[in-house]
Amino acid sequence: MGTTADRFKAAVEAQQLDAVEELFTEDVRLYSPVKFTPFEGRPMVLGLFGVLLRTFEDFRYVGELAGSAQTAAGPDGGSADSTVLIFRAIVNGKEIHGIDLLQFDDAGRIKEFTVMVRPQSAVHALGEAVLAGLVEDGLVPQA
């Protein structure tokens, strides 16, 4: 069946949101490159993933690194087993290079998820597209 990271990659590349859901903890946090505060909780993070799966074109993972890293959440600032997935995609005609940092709980589920992308013009295009999708899906109010 592979690692959680392997199952996550396969689910995202196949655009299977239900398969992604079972890999997240209930209180998962997603740190986005376009929002200062994290998206929190499985329902909100899954809603965001639904938008992302519609927004990205030609999404593909092109590399992987594994190890451990300090988590952002928690009072002790401890470290967790972590995997970095390197990806490429297109958003509104702009090529994005990025990484997904997955951090796991003791049961191997994803408890923290950090997305980093470049270049800045792609971050801007991604932010606009995701906000429009979140508003369309009723996950955030229209500004």
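A residue counts as buried when its relative accessible area is under 20%. By that cut-off, helix 3 of this predicted model holds a long list of buried positions. They are Arg-42, Val-45, Leu-46, Gly-47, Leu-48, Phe-49, Gly-50, Val-51, Leu-52, Leu-53 and Thr-55. In total, 11 of the 14 residues of helix 3 are buried, so the helix is largely enclosed by the rest of the structure. Helix 3 reaches 20 Å from its first C-alpha to its last. That span is close to the 20 Å expected at 1.5 Å a residue.

Two residues show what surrounds helix 3. Phe-49 touches Phe-8, Val-12, Leu-17, Val-20, Phe-24, Leu-30 and Phe-113, leaving out residues up to four places away in sequence. Leu-53 also sits in helix 3. Its relative accessible area is 17%, under the 20% limit, and Leu-53 is therefore buried. Outside its sequence neighbours up to four places away, Leu-53 touches Val-12, Gln-15 and Leu-17. The C-alpha atoms of Leu-53 and Gln-15 are separated by 6.3 Å, although the two residues are 38 apart along the chain.

Phe-49 is also prominent in the largest nonpolar core. This core has 37 residues. Phe-8, Phe-24, Phe-49, Ile-110 and Phe-113 touch the most other members. At least two core residues come from each of helix 1, strand 1 (24–31), helix 3 (42–55), strand 4 (79–91), strand 5 (94–104), strand 6 (110–118) and helix 4 (120–136).

The strands form an open sheet. It has six strands in the order 2-1-6-5-4-3, with mixed pairing. Strand 2 and strand 3 are the edge strands, and each pairs on one side only. Strand 1 and strand 2 run antiparallel and are joined by two bridges. Across this pair, Arg-29 stands opposite Glu-40 in strand 2. Helix 3 packs on the sheet and touches strand 1, strand 2, strand 3, strand 4 and strand 6. The direction of helix 3 makes about 55° with that of strand 1.

Helix 1 lies across strand 1, strand 3, strand 4, strand 5 and strand 6. It runs at about 160° to strand 3. Thr-4 belongs to this helix, which covers residues 4–13. With a relative accessible area of 11%, Thr-4 is buried. Beyond its neighbours within four places in sequence, Thr-4 is in contact with Leu-23, Phe-104, Gly-108 and Ile-110.

Charged side chains add further links. The count comes to six salt bridges. One of them joins Glu-64 and Lys-9, at 2.7 Å from N to O. This pair links distant parts of the chain, with Glu-64 in strand 3 (residues 57–70) and Lys-9 in helix 1, 55 residues apart. Glu-64 is partly exposed, at 35% relative accessibility.

Another salt bridge joins Glu-26 and Arg-42, whose closest N and O atoms are 2.8 Å apart. Glu-26 lies in strand 1 and Arg-42 in helix 3, 16 residues apart. The two partners differ in exposure. Glu-26 is exposed, with a relative accessible area of 53%. Arg-42 is buried, with a relative accessible area of 14%.

The side chains of Glu-40 and Arg-29 also meet in a salt bridge, at 3.0 Å from N to O. Glu-40 is in strand 2 (residues 39–40) and Arg-29 in strand 1, 11 residues apart. These residues also stand opposite each other in the sheet. Glu-40 is partly exposed, with a relative accessible area of 47%. Arg-29 is partly exposed as well, with a relative accessible area of 25%.

Several backbone features stand out. A cis peptide bond joins Arg-118 and Pro-119, with omega about -10°. Pro-119 is placed in the loop between strand 6 and helix 4. Asp-58 is not a glycine, yet has a positive phi of about 50°. It is found in strand 3. At 52% relative accessibility, Asp-58 is exposed. Asn-92, also not a glycine, has a positive phi of about 50°. Asn-92 lies in the loop between strand 4 and strand 5. At 55% relative accessibility, Asn-92 is exposed.

Methods
Residues are numbered from 1 along each chain as its sequence is written. This is a predicted model: local features need pLDDT of at least 70, side-chain atom pairs count only at pLDDT 80 or more; totals for chains, interfaces and linings use all residues. Side-chain values use heavy atoms; hydrogens and water are left out. Helices (H or I, at least four residues) and strands (E, at least two) are DSSP runs, numbered from the N terminus. Buried means under 20% relative accessible area, exposed over 50%, partly exposed in between (1.4 Å probe, protein chains only). Contact means heavy atoms within 4.5 Å. A nonpolar core is a set of buried Ala, Val, Leu, Ile, Met, Phe, Trp, Tyr and Cys residues joined through side-chain atoms within 4.5 Å. A salt bridge is a side-chain nitrogen of Lys or Arg within 4 Å of a carboxyl oxygen of Asp or Glu. The expected span of a helix is 1.5 Å times one less than its number of residues. Two strands pair if DSSP finds at least two bridges between them. Axes are lines fitted to C-alpha atoms, for helices over the stretch in contact, and angles run from 0 to 180 degrees between N-to-C directions.
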